[in-house]
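Reader: I am new to this structure and would like to understand the reasoning behind the terms used for it. Could we take them one at a time?

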Amino acid sequence: MTVWQDLEQEIRGFTEQIRSIPVLRTSHPRVVRDAVSARFDLSSPVPLPELTSAVAELLRTHTIHVTHPRYFGLFNPTVSEAGIVADALAALYNPQLAAWSHSPAANELERFILRYLGAALGFDRDATFANFTTGGAEANLSAVLAALAHRFPEVDREGVASVAQRLVMYVTGESHHSFVKIARTTGLGTRVLAEVPVTPQFAFDPQALAHRIHADRNAGLEPFMIIGTAGTTAGGTIDPLEALADLAAECGAWFHVDAAWGGGAALVPRLRAALQGIERADSVTWDAHKWLSVPMGAGMFFCRHVDAVRRAFAVSTSYMPAGGEETVDPYVTTVQWSRRAIGLKVFMSIAELGHTKFAERLDQQALMGDHLRARLQAAGWLIVNDTVLPLVCFTHPDIQDGRLTTTELLRRIYARGNVWISETVLGARERVLRACITSFRTEEQDLEYLVRELEHARVASE
Ligand SMILES: *Cc1c(COP(=O)(O)O)cnc(C)c1O
């Protein structure tokens, strides 16, 4: 057999067997490390078929299988077949997307799908800047850099230290923690972040924000950015985007919406209204590698201030090919320099199914979320978050009464390896369980399985 036949076998086999293999096994660091060093010493060549099967076996054994229908985890999706094929094609042709002239096809495929997705957000196709990023963290960073370039052009030369005003970036305790790193890496410092209280439903409280902005201005501080989240990481909450857009317009702050996971709702007619207001954002983060079922890493950054983006990333060199009038070279409009064809897998995943089927696949996952909420409630569990997105945070009277901790419950669940869920804290309150539908393979039987595992783990000590 050739290595390509082996690879085909591996891809097919894994996809077909996924339902019957454990979601996870316990991998002790020493065991994994020894397994690697025992197999490979790099002193002599290893035939590629042998190498391929050895690496595949390691990956299969020591990985939490995020593409499993009973992985109810962090925002890591089951990947579409088209996504796997696209990543293989990207590796094969290895197009360099930094300069348009090096990879016209890949650049235009990316532009094409970004225009489509930008329009789904309600952005003007012809007046929006958009690019692929490694993920949401890079997209959020791009937003802050663009906002700085927009508001303070002198920062380009003089740095953030030249900004006389003390800037404030409004977030909540539920915002993504990439903003902490961004505050550091941009030189703004973490004190730029102002954490505004959330409502009892864990959403950005617009009234609290209005008060905070008022107080900050009276104290001589300068509202710089308001960060709304459409689908928070812990609880899937969609912030009141309209109200945040109004406040941003009033105080002149840049309105960024972090829709890393929740952006998928823009494609689902039944859920689109939940994102109302996102079209008023100055910039949006949306990860294709979260809900859109493509392999990592594929984030997206949308921004209506094309000039600000150009200012933030412009450079001129003697060694890069000169750009054309009608085209954009990503190395002068984005954080990355050399870049792989990130968008190919997004384009192929959507194109393979077509608009309607692709949207149905997302909606199916949202419906599974609704179903899980109902099943958990029927079995005596208590839902503690409030969202139309397929993320369920829940607890149990036994946990609330202190008879059982979420951590102990998870320990029992992980030891069996049949499902994967996690725990989190919402609004700085009590620790709760968190289950997210991330797979288009998840069916009702998988939800039943999850509820059974939960019940089993709960009564295990009684
Ligand atoms: C995952 C996530 C991010 C970070 O995105 P990466 O793709 O992991 O870099 C940012 N914001 C939110 C709301 C997220 O859920």
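Author: Let us begin with a term: a polar contact is a pair of N or O atoms within 3.5 Å. The model is a predicted one, and in it a backbone N or O atom of Ala137 lies 2.8 Å from an oxygen atom of the ligand, so this pair counts as a polar contact.

Reader: What makes the pairs that Thr233 and Asp287 form with the ligand polar contacts?

Author: For Thr233, a polar side-chain atom is found 3.0 Å from a ligand oxygen atom, and for Asp287 the corresponding distance, again from a polar side-chain atom to an oxygen atom of the ligand, is 2.6 Å. Set against the cut-off of 3.5 Å, both pairs are therefore polar contacts. The ligand on its own exposes 380 Å², of which the protein buries 85%.

Reader: Which residues surround the ligand, and of what kinds are they?

Author: The ligand is surrounded by 14 residues, and the closest are Gly136, Asp258, Asp287, His289 and Lys290. By kind, the shell holds eight polar, three nonpolar and three charged residues, and helix α6, residues 136-151, contributes the most to it, with three residues.

Reader: Why are helices α9 and α10 called roughly parallel?

Author: The axes of α9 (residues 206-218) and α10 (residues 241-251) come within 10 Å and cross at roughly 15°. Angles under 35 degrees count as roughly parallel, and the two helices are therefore roughly parallel to each other. As for handedness, the crossing in which α9 passes α10 is right-handed.

Technical notes: Residues are numbered from 1 along each chain as its sequence is written. This is a predicted model: local features need pLDDT of at least 70, side-chain atom pairs count only at pLDDT 80 or more; totals for chains, interfaces and linings use all residues. Side-chain values use heavy atoms; hydrogens and water are left out. A residue is near a molecule or strand if one of its heavy atoms lies within 4 Å of it. A polar contact is a pair of N or O atoms within 3.5 Å; within protein, one must be able to donate a hydrogen and the other to accept it, and residues adjacent in sequence count only if both atoms are side-chain atoms. Accessible areas come from the Shrake-Rupley method with a 1.4 Å probe; for residues, only the protein chains shown count as cover. Helices (H or I, at least four residues) and strands (E, at least two) are DSSP runs, numbered from the N terminus. Ala, Val, Leu, Ile, Met, Phe, Trp, Tyr, Cys and Pro count as nonpolar, Asp, Glu, Lys and Arg as charged, and the others, Gly among them, as polar. Axes are lines fitted to C-alpha atoms, for helices over the stretch in contact, and angles run from 0 to 180 degrees between N-to-C directions. Angles under 35 degrees count as roughly parallel, over 145 as roughly antiparallel, 65 to 115 as roughly perpendicular and the rest as oblique. A crossing is left-handed if the near helix is turned anticlockwise from the far one by less than a right angle, and right-handed if clockwise.
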